[in-house]
Amino acid sequence: MTELLRHPIVMNKLQNEIREILMDKHDINDKDLEKMQYLKAVVKETLRYHAPTPIYNREAREDAKVMGYDVAAGTMILINAWAIGRDSTYWDEPEIFKPERFLNSSLDITGLDFELLPFGSGRRRCPAITFAMANVEIVLANLLQNFDWELPHGIKPEDLDTLELHGTTIHKRNPLFAAPTLCYFKCISSC
Ligand code: HEM
């Protein structure tokens with residue numbers, strides 16, 4: 001929601017997609033979500049830019065050589081998903097929130113594309129990827145279908161902060177305040 005409020009064009013585009021697909025329907029199901037390609041792109045871009053689990057680890061089971069580095073058995077390896085998601089070797093304009101990069105792209109978050117690892121990779125990757133994605137998508141689709149959102153007290157999108165509190169998982173340092181206006185279906189064509 002913070003990135004959507006910072007990028008009103010993205011918010012508008014996403015809201016249009018959701019409202020066009022759902023019309024006045026309120027029980028969103030997996031078939032509806034499947035059609036919402038821009039919603040999926042927005043969620044992937046958010047996971048790239050704000051990896052919720054920024055660092056996770058592995059232990060080398062045996063001596064290995066990785067990209068010229070000797071890694072001794074028992075070495076703890078920290079995988080920095082946050083840095084991977086912002087690496088300009090792999091991402092065009094990594095510091096820009098741009099969901100369009102995921103449209104017509106096969107890049108996915110399942111752990112097979114090593115430039116995007118918000119859920120980890122391999123045997124110990126997050127077992128709840130489908131559950132987590134469906135929850136984020138359903139909540140976001142509901143919030144944007146039913147409400148228009150504005151920043152309160154004259155705050156401008158460019159003044160909204162994205163400071164994070166670091167830990168095992170990332171949290172916003174300052175809570176987001178946003179003002180919703182209920183949008184009835186009747187107003188949708190003019191919204
Ligand atoms: C957006 C939401 C979530 C993100 C970004 C996320 C991310 C991650 C990551 C990065 C790992 C470590 C993967 C690795 O070491 O390769 C992990 C592990 C795990 N996650 Fe999630 N997760 C999310 C939601 C959930 C939810 C909702 C559940 C449970 C209902 C869950 C359960 C687990 C469990 C049990 C593990 C440990 C797996 C193991 O060690 O074998 N996650 N998650």
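How many residues of the shell around the ligand are nonpolar, polar and charged? In this predicted model, nine are nonpolar, three are polar and three are charged.

**View 1. The iron atom of the ligand and its protein donor.** The SG atom of Cys126 lies 2.3 Å from the iron and is the only protein donor to this atom. Cys126 belongs to the loop that runs between α5 (81–85) and α6 (129–146).

**View 2. Residues around the ligand.** The ligand has 15 residues around it. Those that come nearest are Arg58, Pro118, Phe119, Arg124 and Cys126. Cys126 is also the residue whose SG serves as donor to the iron.

**View 3. Polar contacts with oxygen atoms of the ligand.** Two arginine side chains and one backbone atom appear here. A polar atom in the side chain of Arg58 is 2.5 Å from an oxygen atom of the ligand. For Arg124, a side-chain N or O atom lies 2.6 Å from a ligand oxygen. Ser121 takes part through a backbone N or O atom, at 3.3 Å from an oxygen atom of the ligand. Two or more residues of the shell come from each of the elements β1 (55–59) and α6.

**View 4. The cavity and its lining.** One cavity of 30 Å³ or more is present in the structure, and the largest cavity has a volume of about 30 Å³. Its lining includes Leu47, Arg48, Ala81, Ile84, Gly85 and Pro118. At least two lining residues come from α4 (37–49), and likewise from α5; α5 gives the most, with three. By class, the lining holds seven nonpolar residues, one polar residue and two charged residues.

Terms used:
Residues numbered from 1 in each chain as written. Predicted model: local features only at pLDDT ≥ 70, side-chain atom pairs only at ≥ 80, totals over all residues. Heavy atoms only, no water. Donors = N, O, S within 2.8 Å, 3.2 Å for Na, K, Ca; no water. Helix = DSSP H or I, 4+ residues; strand = E, 2+ residues; numbered from the N terminus. Near = heavy atom within 4 Å. Polar contact = N/O pair within 3.5 Å; in protein donor to acceptor, adjacent residues only side chain to side chain. Nonpolar A, V, L, I, M, F, W, Y, C, P; charged D, E, K, R; others polar. 1 Å grid on protein atoms, 1.4 Å probe; cavity = no way out; pocket = protein on both sides within 12 Å on 5 of 7 lines; lining within 4 Å. Points joined across faces, edges and corners; volume = space filled by probe spheres on them.
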